[in-house]
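Work through the exercises below with the coordinates open. Each task is followed by a solution in steps.

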Amino acid sequence: MAKAKSFTCTACGASFSKWSGRCEGCGAWNTIAQETPLSSGPGSKSLGAARGTPITLSDLSTTETPPPRTRSGLDELDRVLGGGMVPSSAILVGGDPGIGKSTLLLQGAAKFARAGLKTLYISGEEASAQVRMRAQRLGLSDAPVKLAAETNLRDILTTLDAERPDLVIIDSIQTMWADNVESAPGSVSQVRAAAHELTSFAKRSGVSVVLVGHVTKEGQIAGPRVVEHMVDTVLYFEGERGHQFRILRAVKNRFGPADEIGVFEMTGAGLAEVTNPSALFLSERGQPSPGSVVFAGIEGTRPVLVELQALVAPSSLSQPRRTVVGWDGGRLAMILAVLEARCGIPFTGLDVYLNVAGGLKITEPAADLAVAAALLSAREDAALPADTVVFGEISLSGALRPAPQSENRLKEAKKLGFTAAIAPTGGKTGTDGGLALTRAADLTGFVGEVFGAG
Ligand code: TYD
Ligand code: MG
């Protein structure tokens, strides 16, 4: 009989038959822990051996009314949820410890409670008194939220069954303890079991469940990825420690668009909504300076203007530095290669630093052209005019591709006082949004147009 696999990686969920210091699956160190195997595998009876109850099948044409949603009134949160909270949805909110998850969810709980949802906040990390003190600091003491400090999942489920709230917040999933699983709270099997119990409770009872999950250094929600698969919606709360901006990002949403973001600012009195993120990401901008370029981006359904900063300096290293914050390092390497191969502009012997201001992380390929502009501006020590935005995708051939939603990008730039834009030719022409529009078909054309060289 094969030996049961009883060791599991707490980072990626891969299982092994013996312990090792490094997970072969994801390469993480010290993440392998012993697990009590579930009662399946050789020896247990196959499901086909005994007959089950036939399930009811239906047609695709069955008419369903869209789920009723409740808005909290915290617009940045409602939008990321897809327009409000859907009953019986299971939502995971992940983020680094200390980033502000508990603050966000206490504020959200208070808003939903005031909007009429019967709301419970269960803290497994802090004592009730601590949560009450935070509520006081946030000015939420009078919100009709029911509070408990508890980690015993059985007791929590029994209470939920009796109370029948509309919404329950579990802060955090890593502190929950299911007494039918023989491992410590925070272990993969505990997190998995607790998440399973709570999500199936949500489906069965119509209660919306929000699970808070801490993220590991590698950026994964501690515990197996299975938690992400179990829930309907996965939100990440991100931000830089030194910055007060926080971004709530939907990475999965069965009830709305993924990739939507909500922007908040951490203040002394909790999280404040930022309704005009562009103004925020540009607020630190002063005089035009070499290496600084404004990218007209789209985050979810909203246009967001953000400043890219590049620094190019002679390197003393045999392998010059390539440092990126807020953008993809591989994509930077690609743009440097295209600049060298297609425009004959090498970056050999030069250190390259690229930073997205304000702590925002950009994933759009449409940022390519703005990155190239920032790199060239830094290399040539020539500032772009301060009132210009840039966007467009660069292909390996050096050709420029139009970006989606050009019109929205231009509109937002116009709204914020920009007067000029640089974008690829093609796409919807004629929509200059009232800006002086410079168009280029390829990177060489762009370099000639903007920096006066070929
Ligand atoms: P918290 O919500 O406890 O983070 P998490 O639950 O993600 O671990 O918030 C942590 C930080 O937020 C803490 O260092 C203090 C800061 N904070 C403020 O700046 N203003 C506030 O009003 C509150 C409540 C917290
Ligand atoms: Mg917390």
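**Exercise 1. Overall description**

What percentage of the 454 residues in the protein is buried? Add the element counts and the extent of the chain.

Solution. The model is a predicted one. Buried residues account for 48% of the 454 residues. The secondary structure consists of 11 helices and 21 strands. Along the principal axes, the C-alpha atoms fill a box of roughly 75 × 60 × 50 Å. Among contacts with a separation of 6 or more, 66% are between residues 24 or more positions apart.

**Exercise 2. The sheet of 9 strands**

Determine the strand order of the open sheet with 9 strands, and identify its edges.

Solution. Step one is the order, which reads β6-β5-β7-β8-β4-β9-β10-β11-β12, with mixed pairing. Step two is the edges: β6 (145–149) and β12 (270–273) each have a single partner strand, so one side of each is left without a neighbour in the sheet. Step three is the twist, which averages 25° from one strand to the next.

**Exercise 3. Strand β10 and its partners**

Which residues stand opposite or bridge to Leu248 of β10? Describe the pairing on both sides of the strand.

Solution. Start with β9 (residues 233–238), which pairs with β10 (residues 245–253) in the antiparallel sense over 6 bridges. These two strands form a hairpin, and 6 residues lie between them. In this pair, Phe237 stands opposite Leu248.

Next take β11 (residues 261–267), which runs antiparallel to β10 and is joined to it by 5 bridges. Here the bridge partner of Leu248 is Gly262. Leu248 therefore has Phe237 opposite it in one pairing and Gly262 as its bridge partner in β11.

Finally, check the burial of the strand: 7 of the 9 residues of β10 are buried, and the strand is mostly covered.

**Exercise 4. The sheet of 3 strands**

What is the strand order in the open sheet of 3 strands, and which strands stand at its edges?

Solution. The order is β2-β1-β3, and the pairing is antiparallel. β2 (15–16) and β3 (32–34) are the edge strands; each has a single partner strand, so one side of each lacks a neighbour in the sheet. Between β1 (residues 7–9) and β3 there are 3 bridges, in the antiparallel sense. One residue pair to locate is Thr8 with its bridge partner Ala33 in β3.

**Exercise 5. Two helix pairs**

For α4 with α5 and for α9 with α11, give the crossing angle, its class and the residues in contact.

Solution, first pair. The axes of α4 (residues 153–163) and α5 (residues 188–205) come within 11 Å and cross at roughly 5°. Angles under 35 degrees count as roughly parallel, so α4 is roughly parallel to α5. On the α4 side the contact involves Leu153, Leu157, Leu160 and Asp161, which meet Ala194, Glu197, Leu198 and Phe201 of α5. By class this contact has 6 nonpolar, no polar and 2 charged residues. α5 also lies across β4, β7 and β8 (208–214), and runs at about 160° to β8.

Solution, second pair. The axes of α9 (residues 368–380) and α11 (residues 443–451) come within 11 Å and cross at roughly 50°. That angle makes α9 oblique to α11. The crossing is right-handed. From α9, the residues Leu369, Ala372, Ala373, Leu376, Ser377 and Glu380 meet Leu443, Phe446, Val447 and Phe451 of α11. The contact of α9 with α11 has 8 nonpolar, 1 polar and 1 charged residues.

**Exercise 6. Backbone geometry in loops**

Where is the cis peptide bond between Asp171 and Ser172 found, and what is its omega? Then examine phi of Ser88 and Asp381.

Solution. Begin with the reference case: most residues other than glycine have a negative phi, and most peptide bonds are trans.

The bond joining Asp171 and Ser172 is cis, with omega about 5°. Ser172 belongs to the loop between β7 (167–171) and α5.

Phi of Ser88 is near 55°, a positive value in a residue other than glycine. Ser88 sits in the loop between α1 (75–80) and β4 (90–95).

Asp381 likewise has a positive phi, near 55°. Its location is the loop between α9 and β17 (388–390). Is Asp381 buried or exposed? Its relative accessibility is 58%, so Asp381 counts as exposed.

Definitions and conventions. Residues numbered from 1 in each chain as written. Chains lettered and ligands numbered in written order. Predicted model: local features only at pLDDT ≥ 70, side-chain atom pairs only at ≥ 80, totals over all residues. Heavy atoms only, no water. Pairing = 2+ DSSP bridges. Helix = DSSP H or I, 4+ residues; strand = E, 2+ residues; numbered from the N terminus. Axes fitted to C-alpha atoms, helices over the stretch in contact; angles between N-to-C directions. Parallel < 35°, antiparallel > 145°, perpendicular 65-115°, else oblique. Left-handed = near helix turned anticlockwise from the far one by under 90°. Contact = heavy atoms within 4.5 Å. Nonpolar A, V, L, I, M, F, W, Y, C, P; charged D, E, K, R; others polar. Buried < 20%, exposed > 50% of the residue type's maximum accessible area, 1.4 Å probe, protein only.
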